[in-house]
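Take a first look at the model below. Then follow the text through it, one element at a time.

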Amino acid sequence: MASPGSSPGSTPMMELTGAPNVAHIFVVFGASGDLAKRKIYPCLWLLYRDGLLPPGTKFLGYARSVMTTEDLRARITPFLKVGSGDQEMKENFLKTCTYMPGSYTDGAAFEKLNAEMSRLEDEMAPEQPANRIFYLALPPQIFMAVTANVKKACMSTTGYNRVIVEKPFGMDSSSSAVLSNHLSSLFVEDQIYRIDHYLGKEMVQNLLVLRFANTVFTPAWSRSAIQSVMITFKEPFGLRGRASYFHDVGIIRDVMQNHLLQLLCLIAMEKPASTSPDDIRDEKVKVLKCMSPITPDEVVTGQYVADPNGEGESAVGFREDPGCPPDSKQCTYAAAVGWVRNERWDGVPFILKCGKALDERKAEIRIQFRPVAGDIFGGRCQRNEFVIRVQPKEAVYMKMMVKRPGRDTGMFESEMDLSYHLRYKDLNLPDAYEKLIQDVFLGNQMNFVRSDELAEAWRVFTPLLHHIEGHQIEPIKYQFGVRGLPEADTLAAKVGHHYSGTYSWSTPHL
């Protein structure tokens, strides 16, 4: 297990490779599903290819779908990134991937699963310790049955057992508490890995270093210098056949209550005592405890409709997507204002915005500083902004005022820019799931959600969700492909964020 004080940027690989006589089984529940073939198996392959997994690790897929091991291998092969010299290694990886069909509710099926794991472990390291990891790539309504059966029939008695749980972690405070209580009755917290893939993204993991390894930010990182914080998530596509699922969940549960709130915590948290997972998560919980529930009067919700001049996907509105009720009031866009009521942040709005079917793909954190005091330039100064671009084209840049070059005495907005794809040539950033799955093998829970953190996050959003759904609030209609909702801009301006529209960041020319 990773040592508590180890650096979050380090990879103690000796902990993976130093015990060749220990068997490791990685079970993928829901192996026939979309998440497994598009994310989990491709990331397992990359970790395997790069030698970042314990030697001899076996991957066992399990699902209700009736298919063979060869069917599974054929299903995942198109999604494995293979270089010119990787073909033999890919074939070796596929040989480690097996499959067995079975029920999620029948205890006898899990006894068969346990027997298969024991057989594989005996092949790898007979009469030696065996570690087991269970990845639940499943709908949340199946979590309880599967975890109960895993606990009853599939636990290793000689090594560790770790369970990876995909979001959504419930639908509100009460349903989340039921799930959390169920999991805690079966496993200790150190065995539970609630995965939010945003916590595995490069620029999200960079926040801890930017905040606490640079003296320049320390005096400015508070209400005395910062006017507002805006966290934005945008996607340029619609639901693509997932409207039935999204009608139940909505953008607030899908993105805002987890991904964006995690970013808020990393921006607002105090310096932890160390880089140990619990010290960092303790500080995130403190931030959430200082937040009052989001109020409906500081929220804007929207739902996309077809572009009348659009073609293909843009010609289909949310309610027209297959599986969506024609009268659905679920929101596909939301903007909300959160307040952290502590000494550092009191009075600073945290504006969260997320939406589908917008004009671009973008996730970023925009920290806007207060106006220049005693302005001597006749009101031409725009506010400085520190921007962390999470995706795409990861970057960190500071928007600032500079003199126009040459004889001109005017000023304009420019930036100090660290664009990763330009500064670090041939950089190949690992996928977020790749990082997080490796952390599970290492026993590092820093980038996973703890139960008390989850409870506080739902406390902040549950009253709002109940209000929207209880009152059947009609979302504002917006056309597929727009920048966002004007009502969201009005809300941001109302709480103090200033958008001048005179500047846009673009990656520098080579």
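What follows covers a sheet, the helices that lie across it, and a pair of helices.

This is a predicted model, where local features need pLDDT of at least 70 and side-chain atom pairs count only at pLDDT 80 or more, while totals for chains, interfaces and linings use all residues. Residues are numbered from 1 along each chain as its sequence is written, and side-chain values use heavy atoms, without hydrogens and water.

Start with the sheet. It is open, has 9 strands with mixed pairing, and follows the order 14-13-12-11-7-10-9-8-15. Strands here are DSSP runs of E, at least two residues long, and helices are runs of H or I, at least four, numbered from the N terminus. Two strands pair if DSSP finds at least two bridges between them. Strand 14 (411-419) and strand 15 (476-479) are the edges, as each pairs on one side only.

Now look at one pair. Strand 7 (residues 226-234) and strand 11 (residues 362-369) run antiparallel, joined by 8 bridges. M230 has R366 in strand 11 as its bridge partner.

Next come the helices. Helix 8 (residues 202-212) lies across strand 11, strand 12 (385-391) and strand 13 (395-403). Helix 9 (residues 243-268) lies across strand 7, strand 9 (333-339), strand 10 (349-355) and strand 11.

Last, find helix 5 (residues 107-124) and helix 6 (residues 143-153). G107, F110, E111 and N114 in helix 5 meet V146, N149, V150 and A153 in helix 6 (contact means heavy atoms within 4.5 Å). This contact has 4 nonpolar, 3 polar and 1 charged residues; Ala, Val, Leu, Ile, Met, Phe, Trp, Tyr, Cys and Pro count as nonpolar, Asp, Glu, Lys and Arg as charged, and the others, Gly among them, as polar.

Notes
Axes are lines fitted to C-alpha atoms, for helices over the stretch in contact, and angles run from 0 to 180 degrees between N-to-C directions.
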